[in-house]
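Please take the sequence and the structure below together, and follow the paragraphs one region at a time. The walk goes through two sheets, then some helices, and ends with single residues in loops.

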Amino acid sequence: MELLAPAGSPEALDAAVGEGADAVYLGLKDFNARLRSANFTYAQFESALRSLHRMGKKVYVTVNTVFEQREADRMYQFLKYLDSQQPDAIIVQDLGVVEMARSNFPSLRLHASTQMNIASARGANALSRYGVSRVVLARELSLEELRSIKRETNLELEIFVHGSLCVSVSGLCLFSSFLGGKSANRGMCTQACRRLYRSYLGRHADSERRSGYYFSPNDLQLLERVPDLSAAGITALKIEGRMKSASYVGTAVSAYRLVLDAVASGNEEQIIQSIEHGREILRNDFARPKTQYFLNGNLNTDWLNPDQDGGTGISLGTILKVRGTGDERRAFVSLPHGISLSARDSVRIHRGDDSGRVTHKLTFAKKENGGWWISAPEGSQGDYIYLIQTKERQKHYAPVIAHNSGSRGPGREKAPFPNILTAGEEKGKKHSDPFPEGLYVSVSRPEDLYIVQSSRPQKAMLSLSQKNIKYLLSQDKPPLPFKPAEIILTLSPWFPQKTAEHESGFTTQVIGELIEMGYTQYMLNNMGHFSVFKGYEKVKLIAGPWLYMFNSWSLSFISSVGNRVDGFVSPLENNRQNLERTLGVKSRNSEKTNGKKKHKAGALHAKFFITVFAWPPLFNISCDLGRILKLNSFTDNKDEVFSLVSEHEGSHVYPDKYFSIIDKIPFLKEAGFGRFIIDLNGTALKKSNYRDLMRSVKENAPLPNSSRFNWKDGFYSV
């Protein structure tokens, strides 16, 4: 198995290579999911690439964010530059990057990022047909699921074995983006999962409150399971940490290198000893407590501790008192037994009210009166303090980058416009539109359909959960107020191997039964969904918002998947300017661009759905978190209210403030759009609320307590 290490900086690169990593993954200054890490200049990257290839090691470049249409030229230039340098692979999230690379730079080897949310063999195999050679699988899979996926695909499989976890499935988190446009899908995550929240113990606002880091997981550690993963046929073991120090990277790599070498020897006693030694090494990684997460099949109870601060490091307790000012400012702490401090050790001070965190390298440390006085330019009494690195453990490694030669970096080329076809166009035939213009209402429960019929939409959308599958297939249910032809069944973006295999999941057999009953319209939100409908010619498919079509290249990719798509749903994070650019609003007529026929903008408008009302699911969690946390609603330090909605199949966090652009419908119609979605998932639907909402739609009235999300201002930009 390949040991793959993070290189968020040249120093971390040196540590990874010095401790025996087989490959590293790194980002350049743009288009990567860790924009806040140091990353590499073009000159540093080129020098590192040459040096590592001479050593027989591999380099993977992270291009694992979504890009907007205005960035298409820059992305094209970036991929052309990478093609000229020939790294061993690029790690990608955006299907538009896959399309652009395979169409223009076929020699670039493609790895699907965990941000692409691939958790099944169906998803992996779907990507293999479009040039992807390796998939970084979702973290939430069990060992048995990993084995099953390996049996059903020839793709290389990579998994995370060590480092930070996200409470939300990677690629399905909107929290940071909703709070201010700093999207996790754009490398700008502000780690909402690591924050302190407050909840009510009773039913009333004046009841007792409790606080906790409810959504801050412990760190993953699968060192003990390396032999099992080897036997399962996993290709590469990945250590998370492009935001971590060189010391952390070196420590983690050395432990896993030890065990991997022992596994390769086949000596059982040596394997056991290496695991014990590796554990000792990892006790010094200055990280959070450890968990094996989902690997055992049932979610371990050790993965979440709401009483634990969301940061990393060895807890030194709280600041007990402060004295002095400026460079002479000191904080007094009472250290745990066996720990001492020295100048040049690094600490992290975490505000007691969770309002901020700061890292500081000590210039002063002195033991006195049962505690320690340390330098502290910031921090107050009651603030938490953590040891994150000691000078004694800072090893020095041979530099990989011997010198920085000059580099011109990417050029100035224009990206060609991709070809976008919708269902039926490849045959040159007129294709009737199965989705007429009008309002579409989405709900999560069959009983909500009875409320929706009071102000009847063009069609209803119903979440196709396992619970709803069982309901729809039952023989003794009362007749629904909508015929099957009037219902679009919406598939969840979380599509793990166990769901793809389970008899009540999204199997070909179950879908076949629903189709026989007349349910022939589906919204797909995962690459694995497409193969389920193979061979069903009368089925009409919509590409859902979780496929992240932020640019014309992603539209081109989706339209080429079997040429089956009859509609596209704009992502919830999208903004109007980007949507218009993507569809070529200013170019109504066909024209030639770089020798290719540019698609008519009007034709694409006719295929697009725009969500005009929703409670955005900010976290999409793959387990019943309510059973663990036992809370329903909670607030942050700004008193914004959120709800946790949990079921056996998974949990979602929703904001109290809904997203609404209902009052923009007339302007959207003028721009050529005609299909609008009212998404009522995430709340128990009431007749009175639905009636009021439909009145607002009729009057085109803005709604109180609503958010525009990114619709007006777009993504946050530095």
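In this predicted model, strand β29 is joined to strand β32, residues 650-655, by 3 bridges, and the two strands run antiparallel. Two of the facing pairs can be named: F619 has V653 of β32 as its bridge partner, while N620 stands opposite H652 in β32. On the other pairing of β32, strand β31, which covers residues 641-647, is held in the antiparallel sense over 6 bridges. There, H652 of β32 is the bridge partner of V645, so that H652 appears in both pairings, opposite N620 and opposite V645, a point that rests on the strand definition of pairing by DSSP bridges. The link between β31 and β32 is a hairpin, with 2 residues lying between the strands.

How are these strands placed in the sheet as a whole, and what is its order? The sheet is open and has 6 strands, which follow one another as β9-β8-β30-β31-β32-β29 with antiparallel pairing. Its edges are taken by β9, residues 209-212, and β29, residues 619-621; each of these has a single partner strand, and therefore one side of each is left without a neighbour in the sheet. From one strand to the next, the twist averages 25°. As for β32, 5 of its 6 residues are buried, which means that the strand is largely enclosed by the rest of the structure.

A second open sheet is built from 7 strands, in the order β16-β15-β19-β13-β14-β18-β17, and here too the pairing is antiparallel. The strands at its edges are β16 and β17, the latter spanning residues 365-368, and because each has a single partner strand, one side of each lacks a neighbour in the sheet. When direction is ignored, neighbouring strands of this sheet are turned against each other by 35° on average. Within the sheet, strand β13, residues 314-323, pairs with strand β14, residues 330-333, in the antiparallel sense over 4 bridges, and in one of the facing pairs I319 stands opposite V333 of β14.

The helices come next. Helix α1, residues 10-18, packs with helix α9, residues 246-265, at an angle of about 15°, and their axes are 8 Å apart. Since angles under 35 degrees count as roughly parallel, α1 and α9 are therefore described as roughly parallel to each other. The crossing in which α1 passes α9 is right-handed. On the α1 side the contact is made by E11, A12, A15 and A16, and on the α9 side by A246, V249, G250 and V253. Sorted by class, the contact of these two helices holds 6 nonpolar residues, 1 polar residue and 1 charged residue. The spacing of such positions can be read against a general property of helices: an α-helix has 3.6 residues a turn, so residues three or four places apart point the same way.

Helix α5, residues 121-128, offers another view of packing, through residues that are buried: A121, G123, A124, A126 and L127. What do the buried residues of α5 pack against? Their partners are α4 (95-104), β5 (110-112), β6 (132-136), α6 (143-152) and α13 (497-501), and thus include both helices and strands.

Some loop residues also deserve a careful look. F286 is placed in the loop between α10, residues 268-282, and β12, residues 290-291; its phi is near 55°, a positive value in a residue other than glycine. With a relative accessible area of 6%, F286 is buried. D354 sits in the loop between β15, residues 346-350, and β16, residues 357-361, and D354 likewise has a positive phi, of about 65°, although it is not a glycine. Is D354 buried or exposed? Its relative accessible area is 10%, and because buried means under 20%, D354 counts as buried.

The last residue is G672, found in the loop between α19, residues 665-670, and β34, residues 675-679. G672 is partly exposed, with a relative accessible area of 30%. G672 and S442 are 230 residues apart in sequence, and from C-alpha to C-alpha they are 22 Å apart in space.

How values were computed:
Residues numbered from 1 in each chain as written. Predicted model: local features only at pLDDT ≥ 70, side-chain atom pairs only at ≥ 80, totals over all residues. Heavy atoms only, no water. Axes fitted to C-alpha atoms, helices over the stretch in contact; angles between N-to-C directions. Buried < 20%, exposed > 50% of the residue type's maximum accessible area, 1.4 Å probe, protein only. Parallel < 35°, antiparallel > 145°, perpendicular 65-115°, else oblique. Left-handed = near helix turned anticlockwise from the far one by under 90°. Contact = heavy atoms within 4.5 Å. Nonpolar A, V, L, I, M, F, W, Y, C, P; charged D, E, K, R; others polar.
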